[in-house]
Amino acid sequence: MKENISIFFIPLFLSFSLVSCENKTKTGIGEASKKKPNIIYILADDLGYGELGAYGQDKIETPNLDALAENGMVFSQHYSGAPVCAPARFMLLTGKHAGNAYIRGNDEWSERGKVWDYKEVIKDSTLEGQRPIPDSISFFPEKLQEIGYATGMNGKWGLGAPHTNSIPNKKGFDFFYGYNCQRQAHTYYPVHLYRNENRVYLNNDTIAPDRELAPGADPNNSESYVDYTLQDYAPDLMFDEMIGWISEQKDNPFFFYWASPIPHNPIQAPQKWVNYYKKKFGAEEPYLGSKGYFPNQFPRAAYAAQISYLDENVGKLVKYLKENNLYQNTLIMFTSDNGVTYTGGTDGSFFNSSGEFGEEYGKAKGFLYEGGIRVPMIVSWPNKIKPGSKTDLISAQYDVLATLSEITKFEKPSDTDGISFLPTLLQNEEAQKEHEFLFWEYPEYGGQVAIRMGEWKVVRQNLKNKKRPTLELYNLVKDPQEKNNVASEYPKIIEKATKIFKKEHSDAQIERFRIPQVENGLLENNEKPS
């Protein structure tokens, strides 16, 4: 069947100047440049919309992030650019939505060989990492470097393999410490991490992810799980490296991207926090490893422990900034790359991890329903953001580039899909521009497209598999759980979405990210929406 990208998915879908800075390079940073705010962007991994106290969580304790919310602003309608990590991170750093993005899904660059064999990757670094980004595509930290910012990153990269031009140090970061490869981040006790371009080997054994409990082992005996808790806990090391780097930047404006792997599986957490939640939750069923990653004797307690550990470190970071007279001039953003997962022993329904949006397969990570893409977002900026403020502004992570451009005055690319939300942060709502739509296109999990237009959201599923494609329309004000499909009742809304898709979709450059289009209308043979 002939493809036609002009057809919508069938089967488819204030200005605020802090200072002026004459210095355009990293050398000779002057007084004006020093007055620019420090910026810390914290990206949790697979943290659900409802997993913070500030968003209604009542089992997992997050006092430091709740305090950040009390001193800043909570966003109720903030979205990731994608329902899984690599494309979400690409869209954050480029300001692109999925219809224009180079990376639209996870791509492990598998033609290299045994990229999923953990032990082989340890032996051969050329098997590590994801498909690289072309040199022609720049990330916004490069723009910050140009105006005098020091830039650092820790955590999970996932946007280009070692030995390519698509590593953090060649995409705008002066400093990097963490996982280059998102597959390697499937253990928090890895054999190695990276400091800049070089491997740093840790005091850990080679325990490959997805190793189930040993045959005959007693699942109720803690000795059966000793192999899964090793010596060097990567989140500890990465946090310490971040504080060390920030300590060297006291005389420079800095941007730090803290891309924490927590609480993405595996469920591995410091014992003090596990013990705390064991007492709080009581007895529970062990997880034996049948759904991937590693077994865990107390999966609920350990999952909550991961989030409280991350919260504890956010508190330590804020304390450090205050003690070193950096806090007052530091903008902190905290969010998640996508919705909560359902694998590896996690129990989202127990924690109500997505709030009202649903945590089960088909509704959470990997899907374009609200549970997969609506994420928490807290922004703190002393003396700029009104403490305890909240906003219902519909925004996306691809707005961050435009927002930081307006704050710091780096030159914004002309083709960005984002809109600055700085006026909202400064309570200047009259100056706030709003999105006509948000756009998602995701080629995995059967092939999906979604467009949000105000209160309306169109969703298409099954665009690359053998199932019948869906055409769904939800009113998110009346039906936030996306249960009542009203597509047949509002043809003009569907028509509007069609026009948006025609304008915003471009064919993916990478074959695996392409979603076939069908010409001659929204529905074949005049079928009713399903």
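Here is a walk through this structure, from its aromatic rings to its cores and cysteines. Keep in mind that the model is predicted.

Let's start with the rings. A pair of aromatic rings is described by the distance of the centres and the angle of the planes. In this structure the count comes to 35 aromatic pairs. Take F139 and W157: their centres are 5.9 Å apart and their planes make an angle of 55°, which counts as tilted. F139 lies in the loop between helix 4 (118-123) and helix 5 (140-146), while W157 lies in the loop between strand 3 (150-156) and strand 4 (175-179), so this pair ties together parts that are 18 residues apart in sequence. Are these two rings buried or exposed? F139 is buried, at a relative accessible area of 0%, and W157 is buried too, at 1%.

Now look at F367 and Y445, an edge-to-face pair with 5.0 Å from centre to centre and 65° between the planes. This pair links distant parts of the chain, 78 residues apart. You'll find F367 in the loop between helix 9 (348-351) and helix 10 (370-373), and Y445 in the loop between strand 12 (438-442) and strand 13 (448-453). F367 is buried, with a relative accessible area of 5%, whereas Y445 is partly exposed at 34%.

Back to F139 for a moment. Along with W157, F139 belongs to an aromatic cluster whose other members are Y41, F90, F140, F173, F255 and Y257. F139 also has a charge for company: the charged end of K171 sits over its ring, 5.5 Å from the centre. Elsewhere, R374 does something like this with Y49, placing its charged end over that ring, 6.0 Å from the centre.

Next stop, the nonpolar cores. The largest one has 84 residues, and the members that touch the most others are I40, I246, W258, L317 and F334. Which helix gives the most to this core? That is helix 8, with 13 residues. If you zoom in on F334, its contacts beyond four places in sequence include I42, L52, L310, V314 and M377. There is also a second, separate core of 51 residues, and M377 is part of that one, as are F140, F421 and L426.

Helix 11 (residues 400-408) is another covered spot: nine of its nine residues are buried. Among them are V400, L404, E406 and T408. Right after the helix comes K409, and its phi is positive, near 75°.

For a closer look at a single loop residue, try Q297, placed between helix 7 (271-281) and helix 8 (299-323). At 12% relative accessibility, Q297 counts as buried. Its side chain reaches the backbone oxygen of N220 at 3.1 Å. Leaving out residues up to four places away in sequence, Q297 touches P219, N220, N221, S222, Y225, E284, E285 and P286.

Finally, the cysteines. A disulfide is a covalent bond between the sulfur atoms of two cysteines. How many disulfides does a search of the whole structure find? The search finds zero. Why is there no bond for C85? The closest cysteine sulfur to that of C85 is in C181, and because the distance is 10.0 Å, it is too far for a bond; the cut-off is 2.5 Å. Both cysteines are tucked away from the surface by this count: C85 is buried at 5% relative accessibility, and C181 is buried at 0%.

Conventions. Residues are numbered from 1 along each chain as its sequence is written. This is a predicted model: local features need pLDDT of at least 70, side-chain atom pairs count only at pLDDT 80 or more; totals for chains, interfaces and linings use all residues. Side-chain values use heavy atoms; hydrogens and water are left out. Rings of Phe, Tyr and Trp (its six-membered ring) pair if their centres lie within 6.5 Å; planes under 30 degrees apart count as stacked, over 60 as edge-to-face and the rest as tilted. Helices (H or I, at least four residues) and strands (E, at least two) are DSSP runs, numbered from the N terminus. Buried means under 20% relative accessible area, exposed over 50%, partly exposed in between (1.4 Å probe, protein chains only). A charge sits over a ring if NZ of Lys or CZ of Arg is within 6 Å of the ring centre and within 35 degrees of the ring normal. A polar contact is a pair of N or O atoms within 3.5 Å; within protein, one must be able to donate a hydrogen and the other to accept it, and residues adjacent in sequence count only if both atoms are side-chain atoms. Contact means heavy atoms within 4.5 Å. A nonpolar core is a set of buried Ala, Val, Leu, Ile, Met, Phe, Trp, Tyr and Cys residues joined through side-chain atoms within 4.5 Å.
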